[in-house]
Amino acid sequence: MLKREGFTYNKPHKKFPSDAEIVFYKSEKELLTETFRLMWKYPIIITFNGDNFDLNYMFHRANKLKINRDLNPIHVKRGFGILSKAECDLRKGIHIDLFTFFFNRSISGYAFGGAYESSSLNAISDALLGKEKYHHDEEIHEMEYNILSWYNLKDSLLTLELTKFNSSLVWNLIILLCRITKMPIHEMVRRQISTWIQNLFYFEHRRRGFLIPRRAEISELKKGGFKKSVIEGKGFAGAYVVPPVPGIHYDVVVMDFSSLYPSIIKESNLSYETVLCPHPDCEDNLLKGTPYHTCTHKMGIFAYVVGFFRDIRVKYFKPKSGDKNLSEKQRSYYNTIQQALKVFINGSYGVFGSLNFPLFCLPVAESTTAIGQYSIKQTIKKSEEIDVKVLYGDTDSVFLLNPTKTQMQKLSKWSKDELDLDLEEEKTYQFLALSERKKNYVGIYKDTKYVDIKGLVAKKKNTPEFIKKTFSDLLEILKNVTNNDEFSKAKSEIIEIVKENFRKIGKADTFSLEDYTINISMQKNLKDYTKVVPQHVRAAMELKNATGKEYQKGETISFVKTKGPIGAKAIELAKLQDIDPKKYKELLKSALEQVLDALGISFDEIKGIKKMDAFF
DNA sequence: CTGTTCCTGCTTTAT
DNA sequence: GTATAAAGCAGGAACAGA
């Protein structure tokens, strides 16, 4: 039994480490002073809380509690106040906010392959460590102190472990990215990929003794704009999507160009200074699919850096990462380097195509995608010449109907010779259902039987769970289909499932409130919806009026569709009887139509359609 | 007045 | 504050026919 300053403390939480000790301080001031003492002592402080919240808060409280300024290890650079996102760092030592690092889209997407869905400590720990935060049912302010201290300690342990796991992968990655970008840790972890690449390129200019051009100097000299984007308001035309051949297909091989855009940038010598260069003798060196030419005298700085990164990754670091002669630790380190390089290789096109990038050059961005379009279109042409049917393709891929090994080799060789691009076999579908819709299909891998769903409504996170369930039931049946006979058999089972689920909507003891829940994120704050107010925003507004809880930009609101003028109700307020069955039947119908379309089943074909119509 | 078509805004995905 | 292409829903304006 521990006793301190009026708190009775029965026993440490059962998971509390035996060598750890809980210390109670007399006051917040005493606690903060002790925390500051420790912060001065350690060279690196790692936290997990966005917007420097921890440092901001401590700085703010220290002022309030009149702690001697000399004792405060925190330096606030810009802004003041805990809600103002003031920028903080340490007067001595380095502060790393892991949240900002993991939240970075390039880190989550390229370095961790989208392993975690949200950037919360719980989601990331779960995905990368297989561990979760301490689960609690009670509110934090209601927790007993022994539980609360374990909760806090567990958070700290997870944060530390996130930097140490897998031979310190994250820590190594941070140091590598700093070395590549020539940025200090504090800056690097807080900036996005555009700043990383900008800094890297400025360094390369200085190293060569080049003047760094101003944005206007590039844009005035090289105007571009030869082809408009198909979407209004976009800066330039993007990729080509092959119109799909609707229907059921068996044994479909997908071949794709490995890192298409970086390869194009390197092979076509694309850079702001080489595209539309002033040399008269370069004017004949036209870029395929564009009205532009590129330089034959010098290698462009974009092409050089992107090409160099791509080459050392593919030819040196990737093979090293799998070299059995090296120790586990060495391989893992090479793998980290390889992943760090991937961040820059994959991010380069997006940055070069961004109007905000200081070295933005429209003809470079256009050429990258136009050469991509040219490449995929030529590949389709070539495939047809050697009698391989192309069923679909998107940006850098072609879906080939049952090609022979020889045909595939022929196509690969042709691509290398004619386009300077590596076209490789990626995967084979034993079964592929295409509809008329682009970016929408269901395929089943030949080897692993993995069901690959792309684009379908049933996969989207804003689709209610009961529709997803109906869908997965349907897919279970499709899994074993390898030919048309089996398909006809599957068809009647599918029709049964569809009918069954329609009957269940709105009936008692079938689906729960959670099954009907729709999750939609708010891309703006409530007050910024001025043109139209979508249903999820109306639900959020109603919730704010009723309970005071306000959803912020970027947060996801959960609601159900209801009868009445608002048409939606936040899950916090909703009851099962509030739902509008009619709307949900329409949702299920349109979601299923997408896949039934591809399977060649029309909705009328489903027996009892007359009966179902009665529900509408 | 009523039902349909078209357009715009918004969200989410594919690459 | 890395890109464009494309889908689909919701809601309202425009339109057609009574």
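## The sheet and the helix on it

Strand β12 (residues 441-445) and β13 run antiparallel and are joined by four bridges. Helices (H or I, at least four residues) and strands (E, at least two) are DSSP runs, numbered from the N terminus. One of the residues involved is Ile444, whose bridge partner in β13 is Val451. The wider picture is an open sheet of seven strands with antiparallel pairing, ordered β7-β9-β10-β8-β11-β12-β13; two strands count as paired if DSSP finds at least two bridges between them. At the edges sit β7 (241-242) and β13, each with a single partner strand, so one side of each has no neighbour in the sheet.

Then there's α19, which packs on the sheet and touches β8 (247-257), β11 (423-434) and β12. Contact here means heavy atoms within 4.5 Å. The direction of α19 makes about 100° with that of β11, with axes fitted as lines to C-alpha atoms (for helices, over the stretch in contact) and angles running from 0 to 180 degrees between N-to-C directions.

## What the model is

This is a predicted model, where local features need pLDDT of at least 70 and side-chain atom pairs count only at pLDDT 80 or more, while totals for chains, interfaces and linings use all residues. Residues are numbered from 1 along each chain as its sequence is written, chains are lettered from A and ligands numbered from 1 in the order written, and side-chain values use heavy atoms, leaving out hydrogens and water.

## Around DNA strand C

DNA strand C has 30 residues around it, the closest being Ser229, Arg437, Arg538, Lys561 and Ser590; a residue is near if one of its heavy atoms lies within 4 Å. Of the strand C atoms that come within 4 Å of the protein, 80% belong to sugar and phosphate. α8 (193-208), α12 (328-352), α18 (535-547) and α19 (581-599) each supply at least two residues of this surface, and α12 gives the largest share, three residues.

For polar contacts (pairs of N or O atoms within 3.5 Å), a polar side-chain atom of Ser590 lies 2.5 Å from a phosphate oxygen of strand C. An N or O atom in the side chain of Ser194 is 2.9 Å from a phosphate oxygen of strand C.

## Around DNA strand B

DNA strand B is surrounded by 20 residues, with Asp396, Gly455, Ser521, Gln523 and Tyr529 the closest. Sugar and phosphate make up 92% of the strand B atoms within 4 Å of the protein. Both β13 (451-454) and β14 (518-521) supply at least two residues of the surface near strand B.

Key. Polar contact = N/O pair within 3.5 Å; in protein donor to acceptor, adjacent residues only side chain to side chain.
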